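Here's a quick tour of how the helices in this model pack against each other. Have a look at the structure first, then read on.

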Amino acid sequence: MWDFLTFKTFVTPDILILFYYFGAVVIPVVIWNIRGYLVRKISIFQRAQNISQTLFNTLHAKEKTMVVVLSLIIFIGMEMVWRMMFETMIGYFNMHEYLQILSFQSS
């Protein structure tokens, strides 16, 4: 417990995994719900939604498919960047712990 209180032991990898799943699953759902709320309650968002819906409806089937596929690719790419960011941080903290272990063994 003393090592935890003096920051000699990190709880970061476990917490980072929790935040990763929170950001990868919960945040997109919350953003989608907030978008729906803003469209229902604020007129400028309603107008923007109507304009984008009208624009989408004027596209041909092939163009609509391209828009949907591109949107999915962007979403998956953002999820991958989110994952890589957390992998980097977890790797850093694991490396820090291994280096501490090695420094104690050599002394």
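## Helix 2 against helix 4

A word on terms before we start: contact here means heavy atoms within 4.5 Å. Keep in mind, too, that this is a predicted model.

With that cut-off, helix 2 brings T12, P13, L16, I17, F19, Y20, G23, A24 and P28 to its meeting with helix 4. On the other side, helix 4 puts in F75, E79, W82, R83, F86, M89, I90, F93 and N94. Sorted by type, the residues of this contact come out as 13 nonpolar, 3 polar and 2 charged.

How do the two axes sit? Those of helix 2 and helix 4 come within 9 Å and cross at roughly 170°. Angles over 145 degrees count as roughly antiparallel, so helix 2 is roughly antiparallel to helix 4.

## The nonpolar core

Which residues make up the largest nonpolar core? There are 6 of them: L16, Y20, A24, F86, I90 and F93. Helix 2 (12–41) and helix 4 are the elements that give two or more residues to this core. In general, nonpolar side chains in soluble globular proteins tend to be buried together.

L16 is a handy place to zoom in: leaving aside its neighbours within four places in sequence, L16 is in contact with F86, M89, I90 and F93. Over in helix 4, the buried residues are E79, F86, I90 and F93, and helix 2 is part of what covers them.

## Helix 4 and W82

Helix 4 covers residues 61–106. At 1.5 Å a residue, its 46 residues should span 68 Å, and the end C-alpha atoms are 66 Å apart, which agrees.

W82 lies in this helix. Is W82 buried, exposed or partly exposed? Its relative accessible area is 28%, so W82 is partly exposed: buried would need a value under 20% and exposed one over 50%. Outside its neighbours within four places in sequence, W82 touches F19, Y20, G23 and A24. Along the chain, W82 and I101 are 19 residues apart, with 29 Å between their C-alpha atoms.

## Helix 2 against helix 3

Helix 2 also packs on helix 3 (residues 43–58), at an angle of about 105° and with the axes 5 Å apart. Since 65 to 115 degrees counts as roughly perpendicular, helix 2 is roughly perpendicular to helix 3.

R35, L38, V39, R40 and K41 of helix 2 make this contact with S43, F45, Q46 and Q49 of helix 3. By type, the residues of the contact split into 3 nonpolar, 3 polar and 3 charged.

Definitions and conventions. Residues numbered from 1 in each chain as written. Predicted model: local features only at pLDDT ≥ 70, side-chain atom pairs only at ≥ 80, totals over all residues. Heavy atoms only, no water. Helix = DSSP H or I, 4+ residues; strand = E, 2+ residues; numbered from the N terminus. Buried < 20%, exposed > 50% of the residue type's maximum accessible area, 1.4 Å probe, protein only. Core = buried A, V, L, I, M, F, W, Y, C linked by side-chain atoms within 4.5 Å. Axes fitted to C-alpha atoms, helices over the stretch in contact; angles between N-to-C directions. Parallel < 35°, antiparallel > 145°, perpendicular 65-115°, else oblique. Nonpolar A, V, L, I, M, F, W, Y, C, P; charged D, E, K, R; others polar. Expected span 1.5 Å × (residues − 1).
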